[in-house]
Protein chains: 2
Amino acid sequence: MATVQEKASSVKRASRILANASTAKKNALLKTIAAELKKETQEICKANALDLQLAWEAGLSGVTLDRLTLDENRIAQMIAGIRDVIKLPDPVGEIFGKRRRPNGLVIEKMRVPLGSVGIIYESRPNVTVDASVLCLKTGNAVLLRGGSEAIGTNTVLVKIIKSALNKVCLPDGCVELIETTDRSAVTEMIKQDKFIDVIIPRGSQSLIRFIAENSSIPVIVHGEGNCHIYVDSSADLEVAEKIVVNAKVQRPSVCNAAEKLLVHEKIAGTFLPRIAQALRNEHVELRGDERTVSIVADINPAEDADWPREYLDLVMAIKIVGSIDEAIEHINTYGTHHSDAIVTKNKKNGEKFLREVDSAAVYVNASTRFTDGYEFGLGAEIGISTQKLHARGPMGLVELTGAKFIVHGKGTIRV
Amino acid sequence: MATVQEKASSVKRASRILANASTAKKNALLKTIAAELKKETQEICKANALDLQLAWEAGLSGVTLDRLTLDENRIAQMIAGIRDVIKLPDPVGEIFGKRRRPNGLVIEKMRVPLGSVGIIYESRPNVTVDASVLCLKTGNAVLLRGGSEAIGTNTVLVKIIKSALNKVCLPDGCVELIETTDRSAVTEMIKQDKFIDVIIPRGSQSLIRFIAENSSIPVIVHGEGNCHIYVDSSADLEVAEKIVVNAKVQRPSVCNAAEKLLVHEKIAGTFLPRIAQALRNEHVELRGDERTVSIVADINPAEDADWPREYLDLVMAIKIVGSIDEAIEHINTYGTHHSDAIVTKNKKNGEKFLREVDSAAVYVNASTRFTDGYEFGLGAEIGISTQKLHARGPMGLVELTGAKFIVHGKGTIRV
């Protein structure tokens with residue numbers, strides 16, 4: 001079995017060739033991958049059934065088993081996803097930012113692949129295909145490290161991708177899977193800065209935190225989503241109710257679901273009983289600050305630990321604030337800089353909120369649930385970044401590229 | 001004395017207020033800093049003289065003593081630099097990338113400060129002012145950690161900046177200096193990911209490497225410059241000579257100086273004796289691969305260790321290549337992805353080189369010495385990034401900002 005370093009080095013070598021592949025060639029590759037996946041559906045299901053059997057015997061939870069499952073339907077979804085990516089424009093090669101200098105130099109930027117991308121993820125084997133396809137479309141080679149419980153499925157999926165690479169005459173090192181299921185392989189992978197240009201971890205916060213702290217390669221961090229809705233004194237209360245309920249209950253287990261409700265004191269007396277009723281109708285457990293407790297009947301008091309917390313569940317904590325400034329201060333202090341919204345009819349307050357809330361996506365009069373590459377019209381999503389460098393918010397194809405300076409001279413020298 | 005964490009936390013708090021300061025306010029701040037520096041020139045010189053005295057007694061080298069020196073002339077240069085930054089456009093607040101979604105959402109991006117920037121640097125105290133000014137102009141608060149030998153000068157400079165912050169009613173936590181001169185303060189600083197958004201190290205490769213490997217905060221790495229000039233078979237040899245000599249000797253101690261010369265075999269017989277003579281006239285020591293040794297008289301053979309090496313000195317290694325592909329392969333293998341140039345009259349080869357050489361700045365018919373924020377027309381330079389995320393190549397004001405998504409809805413919810 002090849003070592004982590006050998007795989008990383010293989011990916012780097014392949015990345016140099018892939019970086020210069022034409023859009024037509026890359027799309028032919030994706031088409032071939034889709035066809036091979038379809039052809040090999042039964043083999044994938046067989047490998048997945050074995051992984052599931054072992055996971056079940058090891059006593060893994062029902063949620064994990066569900067994430068691990070790849071049935072015909074999910075494989076068909078993966079294939080449909082690839083067809084969508086084929087249709088997306090290829091950002092690589094775009095030239096922009098032209099400047100002409102007094103000495104005659106013409107300086108431009110050219111969009112180029114990042115090079116080699118390391119993806120570290122957990123139980124979902126569909127990430128093996130989804131992430132690889134986005135990387136390949138943007139000319140990036142990829143080193144994969146999936147969850148140990150999905151190793152059988154992932155091995156078959158990567159074999160299929162490699163066979164497609166061979167068919168279109170691209171090096172099969174463009175996609176490598178680390179087969180060592182030991183955790184030490186992750187530690188080794190995130191030190192391969194000589195070969196890997198960026199690490200994108202997808203999974204639990206503890207995994208992401210471990211990687212960010214120990215990697216010598218730049219990491220794009222997908223942090224937690226402790227998202228807020230602030231209902232301003234001038235809000236249309238019907239709109240506010242609709243947005244709060246949607247942001248909380250439409251899919252409570254995801255990072256862009258709302259966890260906290262801040263309400264301006266002027267409207268708390270009318271709005272809180274109404275929204276409490278609406279949320280309870282949807283089985284949301286409410287927790288309130290002291291003033292909320294005095295307005296809403298039968299509500300548990302929120303504790304200090306509630307304000308910074310991401311529930312990912314049908315729970316919402318409510319706080320009354322005296323001003324938009326207090327709301328912004330609360331969000332910037334306790335939030336996770338993911339997605340936050342204001343409901344207001346006051347245009348000035350809306351603009352202030354957009355400007356001053358320090359989050360990846362800030363909304364006026366809309367649900368936080370839209371923070372997503374597809375909803376934002378990027379056509380794809382490799383992840384959602386909550387850090388500030390390179391990419392912030394949903395990351396699509398462009399975020400898998402960088403830009404180099406290209407300079408034309410006429411024998412120009414520096415004096 | 002405040003701890004590193006207290007300083008980092010102070011910077012973060014101040015950054016929230018500074019992020020919302022208007023361009024006029026930020027420019028007033030810079031003007032005040034310039035005025036205060038002028039007023040306090042004698043105090044700065046006094047503190048610097050003491051640092052120099054101690055450094056001299058400690059036996060530091062002449063180069064370090066020169067870097068450490070701040071005389072009236074250098075202070076005047078710093079002040080002139082601030083005046084230039086005042087004139088530059090403020091990128092913060094720019095709105096771009098508008099998309100309208102079928103559901104009515106309007107999604108845009110807004111350019112915002114990164115937040116809080118940690119600068120770790122070595123002996124030059126002018127960095128204290130230069131870096132602070134670029135950060136403040138872009139609404140970023142800054143945590144500084146300078147060289148221990150410059151601590152007296154840096155303390156006075158930061159006192160002056162803080163007094164200017166007070167005068168324009170901005171929190172003086174916008175600029176904090178770590179006063180602990182112990183190396184452990186660096187280790188502590190690069191773990192303050194709760195408070196610091198990005199680390200920009202400036203200094204030796206060993207310092208940068210240590211920081212990249214140990215930081216839990218994203219780092220923008222300024223790597224070495226093992227820069228190449230490839231002289232193609234179709235090159236105008238006069239142009240080639242001019243560019244090679246300029247790139248090698250105009251300032252050999254800097255990262256964008258050329259270290260390697262690759263020559264196409266078809267022209268090696270004519271070009272090599274000519275360029276060897278020209279470089280030797282400028283006191284450049286030459287080292288050649290086997291074929292070069294057979295053409296150029298009295299040249300030392302290059303060793304394997306020469307090809308990946310950055311000399312930062314009047315030394316150049318020469319290699320004969322059989323094709324442009326071999327040149328590109330050599331550069332991508334042994335180079336440091338900083339700045340590389342081709343000299344050619346063949347347009348297709350020029351475009352191929354620009355596309356395929358994986359470096360921050362790639363040139364056709366120009367000297368590599370132009371890789372610099374001022375030369376590229378950015379108006380300023382906080383550093384040169386050799387990594388691929390966020391910023392690649394010279395970094396100006398825009399590279400000290402990020403972008404968040406701002407979204408306008410009309411009570412829009414996700415279905």
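**Exercise on a strand pair and its sheet**

Find which residue of β11(B) stands opposite B:L262, and then place the two strands concerned in their sheet.

*Solution.* In β11(B), the residue opposite B:L262 is B:K319. The model is a predicted one, in which local features need pLDDT of at least 70 and side-chain atom pairs count only at pLDDT 80 or more, while totals for chains, interfaces and linings use all residues. Residues are numbered from 1 along each chain as its sequence is written, and chains are lettered from A and ligands numbered from 1 in the order in which they are written. Strands (E, at least two residues) and helices (H or I, at least four residues) are DSSP runs, numbered from the N terminus, and two strands pair if DSSP finds at least two bridges between them.

The next step is the sense of the pairing: β8 (residues 258–264) and β11 (residues 315–321) of chain B run parallel, with five bridges between them. Helix α13 (residues 324–334) of chain B packs on this sheet and touches β7 (227–231), β8, β11 and β12 (339–343) of chain B, where contact requires that the C-beta atoms of two residues, placed from the backbone, lie within 7 Å. The direction of α13 makes about 140° with that of β11(B); axes are lines fitted to C-alpha atoms, for helices over the stretch in contact, and angles run from 0 to 180 degrees between N-to-C directions. Helix α14 (residues 347–356) of chain B also packs on the sheet, but its contacts come from both chains, namely β2 (106–113) and β16 (401–412) of chain A together with β12 and β13 (361–366) of chain B.

The last step is the full order, which for this open sheet of ten strands with mixed pairing reads β1(A)-β2(A)-β16(A)-β13(B)-β12(B)-β7(B)-β8(B)-β11(B)-β9(B)-β10(B). At its edges stand β1 (95–100) of chain A and β10 (300–301) of chain B, each of which pairs on one side only.

**Exercise on the junction between the chains**

Work out in which sense β16(A) and β13(B) pair, and which element supplies the largest share of the side of chain A that touches chain B.

*Solution.* β16(A) and β13(B) are joined by five bridges in the parallel sense, and one of the bridge partners is B:A366 for A:T412. Turning to the contact as a whole, chain A contributes 57 residues and chain B contributes 57 residues. On the side of chain A, at least two residues each come from β2, α9 (205–214), α10 (237–249), α14 (347–356), β13 (361–366) and β16, and β16(A) gives the largest share, with eleven residues. By character, this side of chain A holds 24 nonpolar, 18 polar and 15 charged residues, given that Ala, Val, Leu, Ile, Met, Phe, Trp, Tyr, Cys and Pro count as nonpolar, Asp, Glu, Lys and Arg as charged, and the others, Gly among them, as polar.

**Exercise on a hairpin**

Determine how many residues lie between β1(B) and β2(B) in their hairpin, and what β2(B) pairs with in the antiparallel sense over eight bridges.

*Solution.* β1 (residues 95–100) and β2 (residues 106–113) of chain B run antiparallel and are joined by four bridges, with B:R99 opposite B:I107. The hairpin they form has five residues between the strands, and B:G104 in the turn has a positive phi of about 95°. The antiparallel partner of β2(B) over eight bridges is β16 (residues 401–412) of chain B, where B:K404 is the bridge partner of B:M110.

**Exercise on the two faces of a helix**

Explain why the buried residues of α5(B) lie on the same side.

*Solution.* Helix α5 (residues 72–87) of chain B has 16 residues and reaches 23 Å from its first C-alpha to its last, close to the 22 Å expected, the expected span being 1.5 Å times one less than the number of residues. Its buried residues include B:I75, B:M78, B:I82 and B:V85. They lie on the same side of α5(B) because they cover an arc of only 70° around the axis, the arc being that of the directions from the helix axis to the C-beta atoms. A residue is buried if 20 or more other C-beta atoms lie within 10 Å of its own, exposed if 12 or fewer, and partly exposed in between, with C-beta atoms placed from the backbone. The face turned away from the buried side carries the exposed residues B:E72, B:N73, B:A80, B:R83, B:D84 and B:K87, whereas the cover over the buried residues includes α2 (23–39), α3 (41–57) and α6 (126–137) of chain B.
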